[in-house]
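Visitor: I'm new to looking at protein models. Could you take me on a close look at a single part of this one?

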Amino acid sequence: MLAVATRTRTYPVLWPERGAPERRSRATRRRRLTPLTRALVAAALVVASAIAYVGQSASAARTGYAILALRTDVERLQAEHARLLVVATGLKSPARIERIARLELGMVYPAPTQVQALALPAPAVAAPVAPPPSAWQRMADLLFGREAAAGETH
């Protein structure tokens, strides 16, 4: 069989020039910033960074003042603590306690005939001593009991 070859025709196509914006479609157009827009964007970036810097500086100064106030409070409290320690030491003084006991409470030292020494007998039965744990007991304590029980002697 004989087949008839189909004929195809090619037609010339004109592409738009690169520099002609009126021929470009709206989807392929690139937006260009005007000099005024660029200047406003640059100014906004400078102002925003300046505001951030001033905010951080103010925050650092506020933190510094808070630290200074806390240090002042710590020094004041340490001085008060030292003063209270002196007062407490004075109140615990044996000479002060003896003076109050004699003058206000009417206490006196006992006469030598009023003091007796008591002799205590030795304990009759000594406490039983438990034998040290075996190696198996230590292993069982280590595995199943408390961790410190393996090295303890009972």
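Guide: Let's start with confidence, as this is a predicted model. Helix α1, residues 35–91, has the highest confidence, with a mean of 96, whereas α3 has the lowest, at 83. Over the whole protein the average pLDDT is 84, and 82% of the residues score at least 70.

Now for the setting. You can count three helices and zero strands, and reading along the sequence gives the pattern α-α-α. Of the 154 residues, just 3% count as buried. The protein exposes about 15500 Å², and carbon and sulfur atoms supply 65% of that area.

The part I'd like you to look at closely is helix α2, which spans residues 94–103. Find Glu98 and Arg102 there: they sit four residues apart, about one turn of the helix. Their side chains meet in a salt bridge, with 3.4 Å from N to O. That distance fits the definition, because a salt bridge needs a side-chain nitrogen of Lys or Arg within 4 Å of a carboxyl oxygen of Asp or Glu. A search of the whole structure finds one salt bridge, so you are looking at it here.

How covered are the two partners? Glu98 has a relative accessible area of 35%, so it counts as partly exposed. Arg102 is also partly exposed, at 41% relative accessibility. Both labels follow because partly exposed is the range between buried, under 20%, and exposed, over 50%.

For another view of the surface, move along to helix α3, residues 135–144, where you will find Met139. Met139 joins Trp136, Leu142, Leu143 and Phe144 in a nonpolar surface patch of about 680 Å². Its relative accessible area is 43%, so Met139 is partly exposed. That value suits a patch member, because patches are made of residues with over 30% relative accessible area. Do keep in mind, as you look, that α3 is the helix with the lowest mean confidence.

Notes: Residues numbered from 1 in each chain as written. Predicted model: local features only at pLDDT ≥ 70, side-chain atom pairs only at ≥ 80, totals over all residues. Heavy atoms only, no water. Patch = residues over 30% accessible without salt bridge, like charges linked within 9 Å, V, L, I, M, F, W, Y side chains within 5 Å. Areas by Shrake-Rupley, 256 points an atom, 1.4 Å probe, with all protein chains shown as cover. Helix = DSSP H or I, 4+ residues; strand = E, 2+ residues; numbered from the N terminus. Buried < 20%, exposed > 50% of the residue type's maximum accessible area, 1.4 Å probe, protein only. pLDDT = per-residue confidence, 0-100.
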